[in-house]
Amino acid sequence: MTPRTFCVLTLFPELIGTFAGIGLARKAVSQSQLIIEARQLRNYTSDARRTVDDVPYGGGPGMVMQVAPLRAAIREARARLPQAHVIHLSPQGRRLEQHHLPALLEFPHLVFVAGRYEGIDERLVERDIDAEWSIGDYVLSGGELPALVLMDALIRLIPGVMGDPDSARCDSFMDGLLDFPHYTRPELIDGQAVPPVLLSGNHAEIARWRLREAVRRTMTRRPDLMVTALDRPEIARVAAEIGRENPEKSADEA
Ligand code: 9D3
C-alpha cells in the first residue's frame, strides 16, 4: 500500500527536500505516514535547452509556463497516484484558511503544481488542474512557498504526527481566538515579571485568565474573528466582562 503522497511539480525541487528533512514533515516521513517528493519540470521537456516557458500570446511583459512539460508531469503523477487531487498554487485561487484543510486531507494523495513567471497556460487549468489555492493577498515569485505552506498546515493534521493530543484539545478550547500570552523561566528578567496568576498553581484560575487574555487580544487585534467567536456563550460572557472593564485595564499591549 502506497502511503499518503505529497508530490510537488516545480523548477526548484531543492526547496522541497529541505522542508521534508525538518520538523514534523521529517517525523511524518520517518513514521511512513507520508512520502514527500519533488519532480523537476525540466525533466519533462523535449528540447536540448530544456525550455519550460514561452512568450505570452497577446504580447506583454514576462513569460508563461508551457503546456507540454507541465501536462506530461501531471499525467505521469496521476498515472502513479490515480486517486490524487491536483492543486495549482495561484494568486487567482481561493484564499486558504484553516477550515479548508480537513477536506484536502481526505484525498489520499496531493499533487502540487508550483508555477513561476507570470503563471501557467490557462488550458492546463481547464483540463489538468482540480483546484486552485492562494495563501493570501501579497505577491510572491512562485508557487513553491505556497505549496510548502499548505503542506505544513496539512501535516500537522495527519493523525499521529503531532503526538501531543493535549495540544489539539487546547486548540479546540481556544478555537477561533488568538493565542494567550506565553511565559517561561526566569520569573523576572530585566524588571519584567511573569503574571502572578501563572505561578499560583490554581489551574482553574489560570484557564480563566488565559481565556480572558485570548479574548482581549482577539477583540483588539482581530475584531473580524470576534463575529464567529461570539457564537460561543463562554466567549460572549468573557467579552462582555472585558467591555465593562475600565479603559486603563483593557488597553492591550499597544
Ligand atoms: C507581479 C506579477 N503579477 C502581475 C499582475 C502576477 C503574478 C504572477 C505570478 C503574481 C504572482 C505570481 C507568483 N505567485 C504565485 O505563484 C502564488 C501566490 C502568490 O504570489 N501569493 C499568494 N499565494 C500564491 S499561490 C501562488
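In the predicted model, the ligand occupies the second largest pocket. The elements that contribute two or more residues to the shell around the ligand are β5 and β7. Of these contributions, the largest share comes from β5, which supplies three residues. The shell comprises 16 residues, among which Ile-135, Gly-136, Tyr-138, Leu-140 and Gly-142 approach the ligand most closely. Classified by residue type, the shell contains nine nonpolar, six polar and one charged residues.

Polar contacts to the ligand involve the backbone of several of these residues. A nitrogen atom of the ligand lies 2.8 Å from a polar backbone atom of Tyr-138, and a backbone N or O atom of Ile-135 is placed 3.1 Å from a nitrogen atom of the ligand. For Leu-140, a polar backbone atom is found 2.9 Å from an oxygen atom of the ligand. The ligand taken alone exposes 580 Å², of which 71% is buried by the protein.

The second largest pocket itself encloses a space of about 570 Å³. Its lining is formed by 27 residues, and Leu-89, Ser-90, Pro-91, Gln-92 and Glu-118 lie nearest the centre of the pocket. At least two lining residues are supplied by each of β5 (84–95), α5 (122–127) and β7 (131–134). The greatest contribution to the lining is that of β5, with five residues. Thus β5 gives the most to the lining of the pocket and also provides the largest share of the shell around the ligand. In terms of class, the lining consists of twelve nonpolar, ten polar and five charged residues.

Two features of backbone geometry were also identified. Most residues other than glycine have a negative phi, and most peptide bonds are trans. Against this background, the peptide bond from Arg-185 to Pro-186 is cis, with omega near 5°. Pro-186 belongs to the loop between α7 (165–173) and β8 (188–189). The second feature concerns Arg-50, a residue other than glycine whose phi is positive, near 60°. Arg-50 is located in the loop between β2 (34–40) and β3 (53–54).

How values were computed. Residues are numbered from 1 along each chain as its sequence is written. This is a predicted model: local features need pLDDT of at least 70, side-chain atom pairs count only at pLDDT 80 or more; totals for chains, interfaces and linings use all residues. Side-chain values use heavy atoms; hydrogens and water are left out. On a 1 Å grid over the protein atoms alone, a cavity is a set of points where a 1.4 Å probe fits but cannot get out, and a pocket is an open set with protein on both sides within 12 Å along at least five of seven lines; lining residues have an atom within 4 Å of a point. Grid points are joined across faces, edges and corners, and a volume is the space filled by probe spheres set on the points. Helices (H or I, at least four residues) and strands (E, at least two) are DSSP runs, numbered from the N terminus. Ala, Val, Leu, Ile, Met, Phe, Trp, Tyr, Cys and Pro count as nonpolar, Asp, Glu, Lys and Arg as charged, and the others, Gly among them, as polar. A residue is near a molecule or strand if one of its heavy atoms lies within 4 Å of it. A polar contact is a pair of N or O atoms within 3.5 Å; within protein, one must be able to donate a hydrogen and the other to accept it, and residues adjacent in sequence count only if both atoms are side-chain atoms. Accessible areas come from the Shrake-Rupley method with a 1.4 Å probe; for residues, only the protein chains shown count as cover. A molecule sits in a cavity or pocket if more than half of its atoms lie within 2 Å of its grid points.
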